[in-house]
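Welcome to this tour. Open your viewer, keep the selection tool at hand, and follow along stop by stop.

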Amino acid sequence: MTVRVGVIGVGVMGADHARIFAREVRGAEIAAIYDADAKRAAAVASETGARDLAASPESLIADRNVDAVVIASPDSTHAPFALAALAARKPVLCEKPLAASSREALEVVAAESRLGKRLAQVGFMRRYDPPYVAMKAKWKTGALGRPLMFHCVHRNASAPAFFTADMAIANSAPHEFDVARYMLDCDLTEIAAFQPASASAGQLVKPVFLILRSAEGALVDVEVNVNAAYGYDVRGELVCERGTVALGAPAAIEVNLSHTRSTAYPEDWRPRFAEAYRLQDQAWLNAIERDSPDERAASAWDGYAAAIVAEAGLRALHEGRAVAVAMAEKPGLYQKR
Ligand code: ISE
């Protein structure tokens, strides 16, 4: 089976997904591309062999030659396009965040529940990253005992001038919120947020330090530092009752030169998570072929969960106190079977 994929938005991530579907996975072809920048759409279409340039996102979703839709347009458009794809009963892979607010994410959850079928997957690709997967498999063997703490570090080399501390919580940290829920197999119930004093206050966004509690009582701490300067660096260590398990550096080479041993850091997340994106996109295609969701996939409910934790985190930062995460009731469609 060949899934005919339509891609809405071919900026950084959309263009990457289009290349992955065209060249790096089995069972897909790029049927149509839409981007608000027509030149960019044409360039990615010719690079990926796309058959069609759609006139609008709506016409791409409605196109009978498009079986499934990737949404990688600006964040505020994710939920409306996801809802349109669900209305057309087409599987959708939506880049994170699923929606601009938890309320809007719940609309996607409600629409999918009404369909009675999980058709939406959110692009929380870390669930497919081999080191995170191995970390989870290790503690699940039982040898380490129960998880007590999960230390997370998320550093970007630099952030654009418009980036704010709120965006560090609403846009960057959701990766950790999702991977913590995935790793610990339970929800996050409380969050507190702090920022250090800094000599360069007022210039660059300072790091944000988050402490969360899980439903089973484990603690999660997350450093989000969007102006770390030295490179892209994601770390994680799970501290369990009898030992710990930490992420290694995948695909990093070690150089010995001039009396020094060194490893390089990438400029952004794409090299670090290249394999995770590939595995995620392949799993999405396989799920479409099987007509049942991938068990590791982030569902619309997971997209909602990340959004509601981020909203509690923003309140925690602004109000200077720990805030409880008030999750809606989980619809039956998303209960584990
Ligand atoms: C960026 O916004 C992303 O979405 C990437 O997936 C993430 O790894 C990166 O750190 C973020 O800045």
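In what follows, a residue is near a molecule or strand if one of its heavy atoms lies within 4 Å of it. The model is a predicted one, where local features need pLDDT of at least 70 and side-chain atom pairs count only at pLDDT 80 or more, while totals for chains, interfaces and linings use all residues. Residues are numbered from 1 along each chain as its sequence is written, and side-chain values use heavy atoms, with hydrogens and water left out.

**Stop 1: the ligand**

Select the ligand and show what surrounds it. The residues around the ligand are Lys-96, Met-125, His-154, Asn-156, Asn-171, His-175, Tyr-232, Trp-269 and Tyr-277. Now look at distances between N or O atoms; a polar contact is a pair of these within 3.5 Å, and within protein one must be able to donate a hydrogen and the other to accept it, with residues adjacent in sequence counting only if both atoms are side-chain atoms. The side chain of His-154 has an N or O atom 2.5 Å from an oxygen atom of the ligand. For His-175, the distance from a side-chain N or O atom to a ligand oxygen is 2.7 Å. Tyr-232 also has a polar side-chain atom 2.5 Å from an oxygen atom of the ligand.

**Stop 2: helix 8**

Next, stay with His-175 and widen the selection to helix 8, residues 174–184. Helices (H or I, at least four residues) and strands (E, at least two) are DSSP runs, numbered from the N terminus. How many residues of helix 8 are buried? The answer is 11 of its 11 residues, where buried means under 20% relative accessible area, exposed over 50%, and partly exposed in between (1.4 Å probe, protein chains only). Among the buried residues are His-175, Phe-177 and Tyr-182. Just after helix 8 comes Asp-185, which has a positive phi near 60°.

From Asp-185, jump to Glu-216: the two C-alpha atoms are separated by 9.4 Å, although the residues are 31 apart along the chain. Glu-216 sits in the loop between strand 9 (208–214) and strand 10. Its relative accessibility is 58%, so Glu-216 counts as exposed.

**Stop 3: Asp-233 and its surroundings**

Select Asp-233, which belongs to strand 11 (residues 233–240). Is Asp-233 buried or exposed? Asp-233 counts as buried because its relative accessibility is 7%. Its side chain makes a polar contact of 2.5 Å with the side chain of Tyr-230 and another of 2.7 Å with that of Arg-235. Leaving out residues up to four places away in sequence, Asp-233 touches Val-153, His-154, Arg-155 and Tyr-265; contact here means heavy atoms within 4.5 Å.

Ala-229 is in the loop between strand 10 (219–225) and strand 11. Ala-229 counts as exposed because its relative accessibility is 64%. Its phi is positive, near 75°, though the residue is not a glycine. Most residues other than glycine have a negative phi, and most peptide bonds are trans.

**Stop 4: the six-stranded sheet**

Show the strands as ribbons and find the open sheet of six strands, in the order 3-2-1-4-5-6 with parallel pairing. Strand 3 (52–53) and strand 6 (120–122) stand at the edges with a single partner strand each, so one side of each has no neighbour in the sheet. Two strands pair if DSSP finds at least two bridges between them. Strand 5 (residues 92–94) and strand 6 pair over three bridges, with Val-92 opposite Ala-120 in strand 6.

Before strand 5, in the loop from helix 4 (78–87), is Arg-89, with a positive phi of about 55°. In the loop between strand 5 and helix 5 (102–115), select Pro-97; the peptide bond from Lys-96 to Pro-97 is cis, with omega near -5°.

**Stop 5: the nonpolar core**

Finally, select Val-5, Phe-21, Phe-150 and Leu-210, the residues with the most contacts inside the largest nonpolar core, which has 106 residues. Such a core is a set of buried Ala, Val, Leu, Ile, Met, Phe, Trp, Tyr and Cys residues joined through side-chain atoms within 4.5 Å. Its largest share, 11 residues, comes from helix 11 (residues 300–319). Not counting residues up to four places away in sequence, Phe-21 touches several residues, including Val-5, Leu-93 and Trp-284.
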